[in-house]
Amino acid sequence: MQPRNMSMSGVVDLAAVKAAQEAKAKAEQARAESARQGGGGAVSPSSLVIDVSEADFERDVLQRSTEVPVVIDFWAEWCEPCKQLSPLLERLATEYNGRFVLAKIDVDANQMLMQQFGVQGIPAVFAVVAGQALPLFQGAAPEAQIRGTLDQLIQVAEERFGLVGITVDPDAEAAAPVVEAPAGPYDALLEAAVQALDAGDMAGAVQAYKNVLSDDPGNTEAKLGLGQAELLQRVQGLDPQKVRTDAAQNPGDVQAQVAAADLDLVGGHVEDAFGRLVDTVARSAGDDRDTARVRLLELFEVVGGDDPRVTTARTALARVLF
C-alpha cells in the first residue's frame, strides 16, 4: 500500500496545493457515500487515537481523512522525545473532541511509511487532510506551539476542504458491540508475518509471505511484505559503518555497493540507494552488472512502482543499459 496524493506543502501554504479543489470534491463524495451507507455516526473517545500500520494505512488514514483531519505521530520505543510528545498528542486528541484523529505509526515496524513520508528523524508529526499529506513539525515542541499548529490545521481543513470533524459519544465506549471482520483466506498467514516482523524474526516473516504467494502469486500485500522482509533480513546484523566504508573505498565492488544501497533504503535515503545502484550498473559488466540491476529492480518493488523516485530511477537505468 502506497500513500497517495501526497503533497508536502506546509499548512499555511495549502492554497498552493494544486489538487485542493479536487480533493475537496472527493472528500464530499466520500462523506456522502458514507452517510448513504449509514456511516458517519458518533464514535467512541478511544477511536480518536489509533495505531496504524502499512497494511491498514489506506483505510485508517487516507479514507478517514475525507471526514476528519488525521494527525500522524511517527514514533519509536527507543525515542526519548517521543515519550514526552506522544502522550501530549493523545491528550490533545481527546481534548479536541473529534476535531482531529491521532494516528500513531511505529517507525521500527513500518519503515516503508517512514520513507514514503520522507521522515528524517523522530518524533515527526504530519497531517493528512482529504488525502493530502502535510508536514506539521519535527521534534518535541511546546504545548502552546502544538495547539497553535492544530488550530491552524483544523481551520484550513474546514475552510478549504469542508471537514468539520466527527461527533464523539462518551457513552459509546461501553455500548459499542465488538464486531470482528470476516477473516480472509490468508489473514492468519499475513498476521503471522507481521508478528514475526515485530519480533525481529525476518526469516519467519519471509517464509510466511512466501506461503501466501505459493497459493496466491498475485497477492499484493504479500508481495510488498516479502520485499520489505527480505530487505530487512539482508541488513540485519550488518555493521553500517563498515558497510559504508567498504563501499566508499571500493566503488568497483558490486557486493559492497549492493549492501550499502540496502542500508540507504532502510534509512530512508531512497534516491541515494537508487543512484548508487544505477552508477554500479553503469560501470560494471557481466554477472556483476546483473547483480546490481536485479537488486535495483527489487528495491523498486519495495518502494512501489507508482513512486516518482522509481520512475526517475527506471529512466536512469534504461539510459545506462541501452
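**Reading helix α8 and the sheet**

Q: What covers the buried residues of α8?
A: This is a predicted model. Look for contacts to neighbouring elements. The cover over the buried residues of α8 includes α7 (187–198) and α9 (220–235).

Q: Which residues of α8 are buried?
A: Buried means under 20% relative accessible area. In α8 these are M202, A205, V206, A208, Y209, V212 and L213. Seen down the axis of α8, the buried residues fall within an arc of 165°, so they line one face of the helix. S214 and D215, on the other side of α8, are exposed.

Q: How does the span of α8 compare with 1.5 Å a residue?
A: Take the expected span, then check the ends. Helix α8 has 14 residues (202–215) and should span 20 Å at that rise; its end C-alpha atoms lie 21 Å apart, which agrees.

Q: In what order do the strands of the sheet run?
A: Read from edge to edge. The 5 strands form an open sheet, β1-β3-β2-β4-β5, with mixed pairing. β1 (49–51) and β5 (132–138) are at the edges with a single partner strand each, so one side of each has no neighbour in the sheet. From one strand to the next, the twist averages 25°.

Q: How many bridges join β2 to β3?
A: Strand β2 (residues 70–75) and strand β3 (residues 101–106) run parallel, joined by 6 bridges. V70 stands opposite V101 in β3.

Q: Which strands does helix α5 touch?
A: Helix α5 (residues 143–161) packs on the sheet and touches β2, β4 (124–129) and β5. The direction of α5 makes about 165° with that of β5.

Notes. Residues numbered from 1 in each chain as written. Predicted model: local features only at pLDDT ≥ 70, side-chain atom pairs only at ≥ 80, totals over all residues. Heavy atoms only, no water. Helix = DSSP H or I, 4+ residues; strand = E, 2+ residues; numbered from the N terminus. Expected span 1.5 Å × (residues − 1). Buried < 20%, exposed > 50% of the residue type's maximum accessible area, 1.4 Å probe, protein only. Arc of directions from axis to C-beta. Contact = heavy atoms within 4.5 Å. Pairing = 2+ DSSP bridges. Axes fitted to C-alpha atoms, helices over the stretch in contact; angles between N-to-C directions.
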